[in-house]
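Reader: I would like a close look at one helix in this chain and at what packs around it. Please start with the chain as a whole and then work inwards.

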Amino acid sequence: MDQRPFNRTTSASQASRVRVGLLRLLCLLPAVAILSCAPPRAGEPVDLLIHGALVVTMDAADTVLEDGAVAVKGGEIVAVGPSAAVRREYRGNKTIDGNGRLLVPGMINTHGHAAMTLFRGLADDMPLKTWLEDFIWPAEAEFMNANSVRLGTDLAIAEMLRSGTTTFNDMYFFMDEVGEAAIMKKARELAAEIRRKFKK
Ligand SMILES: [Zn+2]
């Protein structure tokens with residue numbers, strides 16, 4: 001018995017069913033495409049969202065997040081947590097991919113004389129007493145005034161902020177200038193004025 005005609009009929013019927021199935025699938029595709037292109041649910045907008053960083057929180061439990069995120073709004077940190085969770089809740093107007101980077105609270109310099117950046121390299125590798133009495137104090141008497149203190153402090157703050165120091169405790173002269181420089185650069189500063197009579 002020749003089975004071929006029967007087989008052909010069966011094959012034709014199967015092919016027809018496949019075609020109908022394909023047509024139904026094609027009809028569904030636009031709906032699927034629309035669903036997949038729908039925008040994700042918008043989170044709360046924040047000014048800055050840094051994600052994917054190694055976040056050292058310095059909280060009471062010394063929490064370290066390997067894939068962490070920080071959301072900032074109005075100059076304040078509003079969220080710290082795992083990237084996935086923070087990104088679900090917040091949408092950054094500016095976003096930084098922190099992959100491969102360390103994110104820590106700002107460092108604090110507890111003892112400094114910021115304006116002395118102007119004397120960098122003036123006299124090195126000598127005992128403190130010689131360095132101070134023979135070089136630094138005469139240079140301060142000669143060159144330090146409100147203007148130079150402001151310039152030296154501006155330079156120091158720029159360098160501090162660039163390398164992660166956001167607060168500095170400063171002890172020098174013309175501290176109004178130092179305070180003004182810190183305000184303009186949005187750094188935090190604790191000030192102490194040095195009172196010393198220069199021998200001219
Ligand atoms: Zn000192």
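Author: Two residues are taken to be in contact if their C-beta atoms, placed from the backbone, lie within 7 Å. On that basis, of the contacts in the chain with a separation of 6 or more, 63% are between residues 24 or more positions apart. The model is predicted. Its chain has 200 residues, and 18% of them are buried. Five helices and eight strands make up the secondary structure. Read from the N terminus, the order of elements is α-β-β-β-α-β-β-β-α-α-β-α-β.

The helix to look at is α4, residues 146-162. With 17 residues at 1.5 Å a residue, α4 should span 24 Å, and because its end C-alpha atoms are 24 Å apart, the expected span and the model agree. After α4 comes Gly164, which has a positive phi, near 100°.

Next, the buried side of the account. In α4 the buried residues are Val149, Gly152, Thr153, Asp154, Ala156, Ile157 and Met160. Their cover includes the strands β6 (107-112) and β7 (165-172), together with the helix α5 (175-185).

Several of these residues belong to a nonpolar core. The largest such core in the chain has 11 residues, among them Val149, Ala156, Ile157 and Met160. Its other members are Ala114, Ala115, Phe168, Tyr172, Val178, Ala181 and Ala182. At least two residues of this core come from each of α4, β7 and α5. The most is given by α4, which supplies four residues. There is also a second, separate core of 10 residues, including Leu49, Ala53, Val86 and Tyr90.

That leaves the packing of α4 on α5. The axes of these two helices come within 9 Å and cross at roughly 35°, and the crossing is right-handed. On the α4 side, the contact is made by Ala146, Val149, Arg150, Thr153, Asp154, Ile157 and Leu161. On the α5 side, Glu177, Val178, Ala181, Ala182 and Lys185 take part. Sorted by class, the residues of this contact are seven nonpolar, one polar and four charged. Val149 and Ile157 of α4 thus appear in the contact with α5 and also in the largest nonpolar core. Val178, Ala181 and Ala182 of α5 are likewise part of the contact and of that core. Thr153 and Asp154 are buried residues of α4 that take part in the contact with α5.

Definitions and conventions: Residues numbered from 1 in each chain as written. Predicted model: local features only at pLDDT ≥ 70, side-chain atom pairs only at ≥ 80, totals over all residues. Expected span 1.5 Å × (residues − 1). Buried ≥ 20, exposed ≤ 12 C-beta atoms within 10 Å, placed from the backbone. Core = buried A, V, L, I, M, F, W, Y, C linked by C-beta atoms within 7 Å. Axes fitted to C-alpha atoms, helices over the stretch in contact; angles between N-to-C directions. Left-handed = near helix turned anticlockwise from the far one by under 90°. Nonpolar A, V, L, I, M, F, W, Y, C, P; charged D, E, K, R; others polar.
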